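Work through the exercises below with the model open. Try each task before you read its solution.

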Amino acid sequence: MTYLVTGCAGFIGSQICERLLSQNETVIGLDVFTDYYNPERKRKNLAAALKQDRFQFVEGDLAEMDLRPVIESVDCVFHTAGQPGVRGSWGSQFDLYTRNNIRATQRLLECIKETRPGVRVVYSSSSSVYGNTNQLPTSETAVPRPYSPYGATKLAAEHLCNLYHANYGVPVVSLRYFTVYGPRQRPDMAFNIFTKAILQDRPITVLGDGGQTRDFTFVGDIVAANLSASQKPVEGGIFNLGGGSRISLMGAVEILEKIIGKSARIERKERNKGDVRDTWADTTQAQTRLGYKPAVSLEEGLRQQVAWEEEALRAEGELS
Ligand SMILES: NC(=O)c1ccc[n+]([C@@H]2O[C@H](COP(=O)([O-])OP(=O)(O)OC[C@H]3O[C@@H](n4cnc5c(N)ncnc54)[C@H](O)[C@@H]3O)[C@@H](O)[C@H]2O)c1
């Protein structure tokens, strides 16, 4: 099997590549190094994969490039490329979201339909499709009502996956990730920002009252679920992936303080538009049909993230 990982230089995509390579699979990675965060970080994410003979890197933009030569040579696609982030999705930035989330996904599916309709696509969807739901824990049957422009684009791309499956039989599976964390977490995400600030003795900004809850999911568990979704007979399926570690933001800060061994200096600001109050995944479907079982506890996963962050900051001369 040859696998394509789109967004291969990102937080999640780079770790899918490495897991596949560790299992002796052949991998083509595709990324355009968007500047949403420092592309140097992305190049570092990709460094280990680039050392492997069974890895080929294609630098290209899904929203523009001729995808045919790539699709012709693969059997399965992990589609993680996209424009993440709830807060930046308002205003003029929305064009980036429609381009990298909707248009890029449509072009990928269209090329598969035309070139190799049997290629399986495992799509990185998001809990943001649910919006501010009252149904907690939330199952896949809840009516999706995104609360941010980002969520609307992730849902639109998920619908595209469904309709290419329904009309043309493209074997697509959508995985709705609930806040992913762990080594290489994007620098715009809360745990990354908090860890860096506490290590550098700077204050952290908590938005709202800090009582908002999230179902945090360790990146290694997300990677394992992607691999199962590529192997099990679940074409056309949609699955929640949560870590089973739902906790308030302030509760998570307390765990970080314990791991780092320092107290956080907390400043408060009003919550951002588009941020939902609570997320909590019902993962019954993923457990029964994908064999999904989160293996890493929040405390253990945060230890791994803190260790990675310390090393990265030292290497960048930002921590003595
Ligand atoms: N991290 C999370 O908590 C989370 C939660 C839910 C869903 N997701 C989804 O998972 C996916 C991966 O997220 P991440 O946190 O690893 O983000 P990331 O930004 O680290 O990785 C995304 C990668 O996609 C690349 N990319 C963007 N547009 C592209 C294009 N047009 N062509 C080629 N490459 C392109 C970027 O350069 C980047 O390297 C995204 O689709 C995101 O919406 C992430």
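**Exercise 1. Find the residue of β4 that stands opposite L4, then place its strand in the sheet.**

Step 1. L4 faces V77 in β4. Strands here are DSSP runs of E, at least two residues, and helices are runs of H or I, at least four residues, both numbered from the N terminus. This is a predicted model: local features need pLDDT of at least 70, side-chain atom pairs count only at pLDDT 80 or more, and totals for chains, interfaces and linings use all residues. Residues are numbered from 1 along each chain as its sequence is written.

Step 2. Go from residue to strand. β1 (residues 2-6) and β4 (residues 76-79) are joined by four bridges and run parallel. Two strands pair if DSSP finds at least two bridges between them.

Step 3. Go from strand to sheet. The order is β3-β2-β1-β4-β5-β6-β10, seven strands in an open sheet with parallel pairing. At the edges are β3 (55-59) and β10 (238-241), each pairing on one side only. Neighbouring strands are turned by 20 degrees against each other on average, direction ignored.

Step 4. Add the helix. α1 packs on this sheet and touches β1, β2, β3, β4 and β5. Its direction makes about 165 degrees with that of β1. Axes are lines fitted to C-alpha atoms, for helices over the stretch in contact, and angles run from 0 to 180 degrees between N-to-C directions.

**Exercise 2. Which residues of α1 meet α2, and which meet α7?**

Step 1. Start with α2 (residues 39-50). The axes of α1 and α2 come within 9 Å and cross at roughly 10 degrees. The two helices are therefore roughly parallel. The cut-offs: under 35 degrees is roughly parallel, over 145 roughly antiparallel, 65 to 115 roughly perpendicular, and the rest oblique.

Step 2. List the contact. S14, C17, E18 and L21 of α1 meet N45, L46, A48 and A49 of α2. Contact means C-beta atoms, placed from the backbone, within 7 Å. By class, this contact has five nonpolar, two polar and one charged residues. Ala, Val, Leu, Ile, Met, Phe, Trp, Tyr, Cys and Pro count as nonpolar, Asp, Glu, Lys and Arg as charged, and the others, Gly among them, as polar.

Step 3. Turn to α7 (residues 219-231). α1 and α7 pack at about 60 degrees, axes 10 Å apart. That makes α1 oblique to α7.

Step 4. List this contact too. F11, I12, Q15, I16 and R19 of α1 meet V219, I222, V223, N226 and L227 of α7. Its residues divide into seven nonpolar, two polar and one charged.

**Exercise 3. Work out how α6 and α8 are oriented to each other, and what makes their contact.**

Step 1. Take the axes. Those of α6 (residues 190-199) and α8 (residues 249-260) come within 11 Å and cross at roughly 40 degrees. The pair is therefore oblique.

Step 2. Take the residues. α6 brings A190, F194, T195, I198 and L199, and α8 brings L249, V253, L256, E257 and I260. They divide into eight nonpolar, one polar and one charged.

**Exercise 4. Which strands stand at the edges of the three-stranded sheet?**

Step 1. Read the order: β7-β9-β11, an open sheet with mixed pairing.

Step 2. β7 (180-181) and β11 (245-248) are at the edges with a single partner strand each, so one side of each has no neighbour in the sheet.

Step 3. Check a pair. Four bridges join β9 (residues 213-218) to β11, and the two run antiparallel. R214 has I247 as its bridge partner in β11.

**Exercise 5. How many residues surround the ligand, and which helix gives the most?**

Step 1. The ligand has 30 residues around it; the closest are G7, G10, F11, G82 and V180. A residue counts if its C-beta atom, placed from the backbone, lies within 6 Å.

Step 2. α1 gives the most, with three residues. At least two each come from α1 (11-22), β2 (26-31), α4 (94-115) and β5 (120-126).

Step 3. By class, the shell has 14 nonpolar, eleven polar and five charged residues.

How values were computed:
Two residues are in contact if their C-beta atoms, placed from the backbone, lie within 7 Å.
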